[in-house]
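Trainee: I have a new chain to look over. Could you walk me through what can be read from it?

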Amino acid sequence: MRQLKVTNRPQPLHHHHSSQSAPADGSLSVLSPCSEEEVRRLIMQSTKSSALDTIPTYLLKEMVDVLLPYLTAMVNTSLREGRLPSSHKHAVITPLLKKTRLDPDELKNYRPVSNLTKLAERVVSSRLVSHLNAHGLMPQLQSAYRRHHSTETALSKVLVDIYGAIDRQQVTLLGLQDLSAAFDCVDHEILLRRLRHEFGICGTAFEWLASFLLGRSQQV
């Protein structure tokens, strides 16, 4: 079953009446350092291991008390310097069939899956989401990748709109768009410009996100 996502259409960069604009009274220029307790919580929530990890996740959890000061220092150094180490941007790709009934000889039937080291990424994500929520920059109708939102809330919104139209004796037309490899369609330069000009991301926070997006590598 396909997930139904309802989002606001992104406004062009040159549009002067975008519903999302950089906050006049605040911006995100520095990524606040994390505590050992925060890093511990993220480690204990982890369930997957990367093929490039020095030790598997289960062993990391067993040795968390010994390694915690070093891991916390590593993450905070990344936040302070505004860059993600290149070793964290290299992925080992595992091709998996999208569906069991598909022809395994057709390359297009495979989904590239990689498990990356994501400790620093999760720390940055929490700070970015907090900034967007604090300044009302989250798209009102976004349901995917958002706390307390899901395909259920997206579907509820669509149904409410349809029922309201029926009550007003209006005709409803529903258009659905499914983008293949949607995340691969994102232009990184445009994304970085929007982060800077529309979401108030600057300084080392912006440098970290640029480092995250650029200079990535992978192997199969």
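Mentor: Start with the score: pLDDT is the predictor's confidence in each residue, from 0 to 100. You need it here, as this is a predicted model.

Trainee: What pLDDT does the chain average?

Mentor: Take the share of residues before the mean. A score of at least 70 is reached by 88% of the residues. The chain averages a pLDDT of 83.

Trainee: Which residues have pLDDT that stays under 50?

Mentor: Look at the start of the numbering. The model does have 34 contacts there beyond four places in sequence. Still, where pLDDT is low, the predicted coordinates should not be read in detail. The stretch under 50 is residues 1-20.

Trainee: Among the elements of the chain, which has the highest mean pLDDT?

Mentor: The chain holds 7 helices and 4 strands. At the lowest mean, 85, sits strand S3 (residues 110-113). The highest mean is 95, for helix H7 (residues 203-213).

Trainee: In what order do the elements run from the N terminus on?

Mentor: Helices and strands come in blocks. From the N terminus on, the order is α-α-α-β-β-β-α-α-α-α-β.

Trainee: Is Ile 55 buried, partly exposed or exposed?

Mentor: Place the residue before judging its cover. Ile 55 lies in the loop between helix H1 (36-45) and helix H2 (57-62). Its relative accessible area is 30%. Buried means under 20% and exposed over 50%, so Ile 55 is partly exposed.

Trainee: Which residues make the nonpolar surface patch with Ile 55?

Mentor: The patch covers about 440 Å². Ile 55 shares it with Tyr 58, Leu 59, Met 63 and Val 66.

Note on methods
Residues numbered from 1 in each chain as written. Predicted model: local features only at pLDDT ≥ 70, side-chain atom pairs only at ≥ 80, totals over all residues. Heavy atoms only, no water. Patch = residues over 30% accessible without salt bridge, like charges linked within 9 Å, V, L, I, M, F, W, Y side chains within 5 Å. Areas by Shrake-Rupley, 256 points an atom, 1.4 Å probe, with all protein chains shown as cover. Salt bridge = Lys/Arg side-chain N within 4 Å of Asp/Glu carboxyl O. Helix = DSSP H or I, 4+ residues; strand = E, 2+ residues; numbered from the N terminus. Buried < 20%, exposed > 50% of the residue type's maximum accessible area, 1.4 Å probe, protein only. Contact = heavy atoms within 4.5 Å.
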